[in-house]
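Q: I am new to this structure and would like to know what stands behind the terms people use for it. Could we take a look together?

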Amino acid sequence: MNFVEGAEIRDTKAPAGPIEERWEKRKFGARLVNPANKRKLDVIVVGTGLAGGSAAATLGELGYNVKSFCYQDSPRRAHSIAAQGGINAAKNYRGDGDSIYRLFYDTVKGGDFRARESNVYRLAEVSVNIIDQAVAQGVPFAREYGGLLDTRSFGGAQVSRTFYARGQTGQQLLLGAYQALERQIAAGTVEMFTRHEMLDLIVSDGRARGVIVRDMVTGDIERHFADAVVLATGGYGNVFYLSTNAKGCNTTAIWRAHERGAYFANPCYTQIHPTCIPVSGDHQSKLTLMSESLRNDGRVWVPLRKNDSRAPGDIPDAERDYYLERIYPAFGNLVPRDIASRAAKNVCDEGRGVGPGGLGVYLDFRDAIGRLGRDAVEKKYGNLFEMYERITGENPYETPMRIYPAVHYTMGGLWVDYDLQSTVPGLFVIGEANFSDHGANRLGASALMQGLADGYFVLPTTIGDYLADGPFGDVDEEAVAAAEVAVRTKIDRLMSVNGTRTPDSFHRELGKLMWDYCGMDRTEESLRKALERIPELRQEFWENVKVTGVAEELNQTLEKAGRVADFFDLAELMCLDALVRSESCGGHFRAESQDSDGEALRDDENFAHVSAWEHSPDGTPVLHKEPLEYEYVKMSQRSYK
Amino acid sequence: MNLTLKVWRQSGPKDRGRMVTYRVEDVSPDMSFLEMLDVLNERLILEGDDPIAFDHDCREGICGMCGMVINGVAHGEQVATTTCQLHMRHFEDGATITIEPWRAAPFPVIKDLVVDRSSFDRIIQAGGFVSVPAGSAPDAHSVPVRKEDADAAFDAATCIGCGACVAACPNGSASLFTAAKITHLSLLPQGQPERLSRAKAMVDQMDAEGFGGCTNTGECTAVCPKGIPLDTIAQMNSDYLKANAK
Amino acid sequence: MNVTATIERGAATAPVIPPKGEEKPRAKRPGGFLTSSNGKKAVMAVTGAVMVLFLVGHMLGNLKIFAGRDSFDEYALALRTLLEPIAPYRTLLTLVEIVLVVSVVLHMWAAISLSRRAAAARPVKYAARKKSQAKGYATHIMRFGGITIALFVVWHLLDLTFGVVNPKGFDSSPADRMIAGFDPSRWYVTLLYIVAVAMVGLHLRHGIWSAFQTLGVANRDRNRALRAVAGLGSAVLVIGFLAPPLAITFGVVQ
Ligand SMILES: Cc1cc2nc3c(=O)[nH]c(=O)nc-3n(C[C@H](O)[C@H](O)[C@H](O)COP(=O)(O)OP(=O)(O)OC[C@H]3O[C@@H](n4cnc5c(N)ncnc54)[C@H](O)[C@@H]3O)c2cc1C
Ligand code: HEM
Ligand code: HEM
Ligand code: SF4
Ligand code: F3S
Ligand code: FES
């Protein structure tokens with residue numbers, strides 16, 4: 001696949017000056033919309049996860065006319081609901097040395113120096129307000145006996161800054177946002193459209209002015225107009241078919257916006273989570289995450305010998321390889337996500353994996369049970385063990401758990417500036433759908449923070465500055481018709497192929513291809529192979545997919561087919577991006593770029609930039625680089641040996 | 001495993017619907033219930049049939065999207081388990097499994113096993129929130145909350161809004177769902193100012209949606225995947241009576 | 001995997017067709033207390049409690065039969081003459097009767113109206129046989145049990161209050177009616193009472209707890225205790241009510 005290089009992106013609209021003052025400055029500089037005018041301004045928010053839900057509610061509170069969309073039957077079901085671990089905030093309630101600056105520092109470093117300093121600092125700054133807001137809404141965070149909020153340390157952080165609500169933090173935060181949203185719906189400031197899928201963006205006179213959506217119950221293609229459009233449609237990890245994402249997670253909304261002019265940044269940055277329940281067979285439809293906290297007490301091992309088919313209990317200690325403890329004696333089982341993931345893949349590639357297909361490693365609690373007693377282990381991990389047993393039918397108190405890495409989060413997304421505005425004026429992108437704050441790797445418990453920071457605090461301010469110029473008048477009918485025709489054509493095409501393969505079978509094949517060639521480690525060769533195979537498979541898809549039923553009713557096969565079609569296009573760009581970025585950084589590991597110990601090796605000379613891809617009608621992507629500069633955190637290579 | 005499935009098929013809201021029998025063979029015991037249906041659906045597509053429509057999303061028991069009545073029991077007989085978390089190893093080879101949608105007037109069938117649960121959202125709209133605009137919150141530590149209260153509130157707050165309680169209740173009552181939210185907010189200091197008006201508004205909305213009244217039969221809590229306890233309903237009743245006494 | 005499809009008519013009967021052109025009821029009916037389902041439940045609980053209190057008194061009264069015919073007749077008379085100089089004959093009893101009638105009527109009204117609401121909320125039944133997931137069976141026979149009790153009370157009044165179906169007829173002392181009524185030869189009447197009182201026991205085993213729940217008295221900490229109160233209370237009532245008829249039938253009291 002060819003690409004051309006376009007102009008560098010120089011201005012991200014972040015104010016200059018000391019980093020602590022930038023957000024304050026921007027807030028002050030942002031123009032205000034007078035309350036009477038707000039009622040005349042319409043905003044569309046697509047997505048009701050932490051980002052979209054909080055944004056729609058807040059914009060409603062501010063007095064704008066908001067239309068909110070989601071593909072589920074209720075806004076409360078957005079995939080944010082599944083987040084388990086917790087949410088970071090620099091509250092320093094423990095007095096353990098945390099601060100806004102430290103959270104900022106950790107995030108920039110954790111992102112392997114591929115995130116923007118200004119954005120990250122703002123994120124850390126706003127994080128404290130999120131906790132206040134959530135508590136006031138009645139989010140039942142874990143508390144200590146004194147009645148104050150409990151925190152824990154998460155994902156290798158040295159301070160205890162993660163707030164949590166048992167293993168259901170995402171759920172409780174989302175319900176808080178959902179309730180705020182429902183309150184606005186009742187107040188009439190937000191109109192909610194559930195079971196509506198966004199299929200195109202309407203761009204008129206160079207501004208994002210609306211969306212084309214399909215009513216998933218009736219099949220009606222509807223047009224909705226507004227003065228600004230906000231996308232909060234989550235991540236695209238499902239391009240791998242198997243991931244920890246919900247089945248409906250898709251790239252359709254952001255991809256079609258990309259086709260209408262929004263740059264797509266760093267599509268290749270994906271995060272793989274090391275502790276998921278392994279695949280049990282071809283029927284596998286999704287992967288389930290097990291909390292990372294299990295690694296605090298479980299020991300990871302595989303048999304020393306290849307193809308050892310003995311039961312784990314029959315393998316004596318001398319014939320076990322506790323490979324993380326062996327290779328990384330300092331951090332042992334607690335090495336960062338990407339390192340743990342890659343190490344697991346390596347041992348499985350050597351033929352030492354366990355379980356079906358040899359794709360798994362043991363996470364053993366035998367020693368923890370011996371040391372702490374079964375009761376203590378049960379108290380700490382009881383519900384996780386139960387979940388594991390429910391899915392696998394195996395009892396982890398007796399046989400070690402089997403785990404394997406799985407795709408979990410996508411750091412890439414639509415490019416946005418400091419105001420969270422994309423390259424299409426009036427199109428704002430928030431939450432996992434944008435690329436902004438995590439660089440090449442996201443810290444645990446930081447995605448929830450980012451979604452809510454964007455939705456409650458950042459976007460409502462910055463969008464006002466844009467809307468101060470509105471209302472923008474009538475939408476160009478031709479632009480609308482063009483978008484609508486594009487949508488209808490695509491649907492008609494899918495309905496008319498009538499081939500011999502199901503959308504799922506294509507999705508599975510694409511996913512496997514991406515996992516094999518653009519997964520945990522990527523090589524020039526594998527990526528080139530992928531770039532060859534994807535267009536072939538895509539062609540077969542368009543010639544041989546089978547969608548039954550009619551488009552004018554609830555048709556889940558059609559929904560799937562449409563999403564798979566967009567995944568093909570995205571997959572291609574991901575592989576291209578991964579190919580062009582010949583360094584390793586964060587979640588992106590190019591096998592060619594490693595040091596003598598097999599550690600990821602960054603190439604700051606050539607790749608200290610964001611890769612923002614522009615779609616061009618002739619199909620040749622244009623690469624715009626946004627250089628990254630580090631004024632506050634000194635660039636350094638990480639080491640966990 | 002080989003199974004016989006009797007599945008409710010209804011092409012749209014206006015169709016009368018019927019039970020259709022399918023035989024599925026070579027089902028793996030490791031499959032989840034929905035994966036078993038996935039496999040059947042792929043087969044149906046290839047045969048040019050309309051696949052069975054069912055709601056699902058997270059497939060890890062938290063989004064509340066999935067739900068069907070399996071052999072007469074909402075989410076199946078496995079205790080505290082959503083349909084997506086139910087695995088085929090709990091069924092016997094050769095078994096006949098009846099699969100039906102949630103049945104309740106306020107949950108009209110959209111297609112096959114997909115029902116419209118927007119009535120739940122409207123119950124929340126009636127008052128299931130704390131009115132606190134973004135940016136106006138005091139510091140989170142300004143109001144301590146007893147751990148016991150926080151934990152009890154949490155227990156109620158874990159409701160995933162799946163609707164199994166309604167599906168199981170002989171009266172088609174949404175009391176457990178409504179009570180879970182009322183209790184969650186009632187137990188926290190943040191929920192106090194609106195406590196009574198909230199209970200009244202939500203219960204009245206539940207009635208307006210056409211749900212039945214609770215006669216404390218407890219079927220709801222028995223099928224609830226999150227084990228929301230019945231005393232949430234007592235809490236709701238108490239708040240409601242107090243609201244009316246005013 | 002092979003799939004074969006055979007189409008069968010299901011056991012579900014009612015069509016799920018929404019009335020044409022009519023929107024689902026969405027608008028808030030700002031319902032009054034008595035039109036709300038919770039309000040009706042509260043009425044049921046309060047009237048139920050009144051009836052339970054009556055039953056307790058009634059049971060204690062019945063037990064007087066063990067103290068002898070005279071003692072029982074004295075009690076029956078006292079019921080009618082209490083408050084006598086101040087108020088006319090039968091004032092208290094009439095008051096009790098009024099309260100009881102009002103309670104029964106309200107209780108039944110609430111029960112019927114809630115059942116109708118429940119039926120409307122579940123217009124289509126499940127094809128699969130219903131399996132109770134909740135432990136306990138009493139909860140599922142409340143309506144059936146209530147109707148049985150109501151029928152029983154009608155018969156009971158004809159028997160022991162008006163003597164219409166009693167061998168001694170109306171012109172007899174209450175104790176006579178009672179002892180004649182449960183004569184060993186009329187064992188089937190005793191049996192009927194046993195069944196009826198058992199139904200009352202079942203109704204109350206759930207009902208008493210249910211009333212606590214409805215009135216919002218129950219909570220996590222109290223639930224065990226309240227369930228015990230309900231169980232014990234209904235057991236005491238059953239035993240207390242059954243003791244006299246059984247004693248008479250078996251000739252212990254003559
Ligand atoms: C299993 C799991 C555990 C996690 N745990 C943690 C954790 O502990 N801590 C942490 O910080 N992060 C965690 N994360 C990451 C975090 O949950 C997500 O990144 C974050 O919630 C994303 O929020 P969002 O609002 O951007 O998107 P989502 O919550 O995914 O919402 C997307 C919304 O967009 C809508 N939508 C999508 N496409 C369309 C379309 N085409 N048309 C209309 N609507 C559309 C959907 O309906 C939905 O409402 C976890 C993620 C997973 C998968
Ligand atoms: C005459 C003696 C009766 C007594 C002492 C009695 C008592 C009670 C009590 C205490 C309750 C619990 C109220 C609550 O749920 O909060 C109750 C419920 C109920 N009663 Fe009665 N009742 C009697 C008669 C009847 C009759 C005649 C009927 C028939 C129509 C009836 C039908 C019901 C029903 C349907 C319920 C609700 C079921 C439930 O709560 O699960 N009862 N009764
Ligand atoms: C099995 C044992 C019972 C016996 C021996 C018994 C006996 C009697 C007698 C003798 C009377 C007439 C009292 C009088 O006229 O002074 C009476 C009245 C009555 N009984 Fe019972 N009874 C029994 C059980 C019940 C039960 C279970 C109920 C209700 C569920 C009930 C409800 C009534 C009522 C409503 C009256 C009329 C009270 C009145 O007129 O004020 N009885 N009973
Ligand atoms: S109360 Fe339980 S069954 Fe009812 S909606 Fe909530 S989680 Fe589902
Ligand atoms: S099953 Fe129904 S009757 Fe009440 S206790 Fe539950 S809502
Ligand atoms: S699919 Fe989310 S709870 Fe079952």
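Q: How many salt bridges does the rule find across the interface of domain 1 of chain B and domain 2 of chain B?
A: This is a predicted model, and in it the rule finds one salt bridge across that interface.

Q: Why is the meeting of R117(B) and D55(B) called a salt bridge?
A: The test asks for a side-chain nitrogen of Lys or Arg within 4 Å of a carboxyl oxygen of Asp or Glu. The side chains of R117(B) and D55(B) meet at 3.6 Å, N to O, so the pair counts as a salt bridge.

Q: Which residue ranges make up the two domains of chain B?
A: The domain assignment gives 3-111 as domain 1 of chain B, and 117-133 + 142-245 as domain 2 of chain B. Taken over C-alpha atoms, their centres are 28 Å apart.

Q: What makes the meeting of domain 1 of chain B and domain 2 of chain B an interface, and how many residues are in contact?
A: Contact here needs heavy atoms within 4.5 Å. In domain 1 of chain B, 18 residues are in contact with 18 residues of domain 2 of chain B. Together the two domains bury about 1300 Å², with 63% of it on carbon and sulfur atoms. On the side of domain 1 of chain B, W102(B), P106(B) and F107(B) lose the most area, together 38% of what that side buries.

Q: How many residue pairs are in polar contact across the interface of domain 1 of chain B and domain 2 of chain B?
A: The rule finds five such pairs, counting residues at pLDDT 80 or more. By class, the side of domain 1 of chain B that touches domain 2 of chain B has 12 nonpolar, five polar and one charged residues.

Q: Why does L448(A) count as a polar contact of ligand 1?
A: The cut-off for a pair of N or O atoms is 3.5 Å. A backbone N or O atom of L448(A) lies 2.8 Å from an oxygen atom of ligand 1, so this pair is a polar contact. For A51(A), a backbone N or O atom is 3.0 Å from an oxygen atom of ligand 1. N250(A) has a polar side-chain atom 3.0 Å from a nitrogen atom of the ligand.

Q: What share of the accessible area of ligand 1 does the protein cover?
A: Of the 1000 Å² that ligand 1 has on its own, the protein covers 97%. There are 37 residues around ligand 1, and Q72(A), S80(A), G85(A), M198(A) and E432(A) come nearest.

Key: Residues numbered from 1 in each chain as written. Chains lettered and ligands numbered in written order. Predicted model: local features only at pLDDT ≥ 70, side-chain atom pairs only at ≥ 80, totals over all residues. Heavy atoms only, no water. Domains from an automatic or database assignment. Buried area = accessible area lost by both parts, 1.4 Å probe. Polar contact = N/O pair within 3.5 Å; in protein donor to acceptor, adjacent residues only side chain to side chain. Nonpolar A, V, L, I, M, F, W, Y, C, P; charged D, E, K, R; others polar. Near = heavy atom within 4 Å. Areas by Shrake-Rupley, 256 points an atom, 1.4 Å probe, with all protein chains shown as cover.
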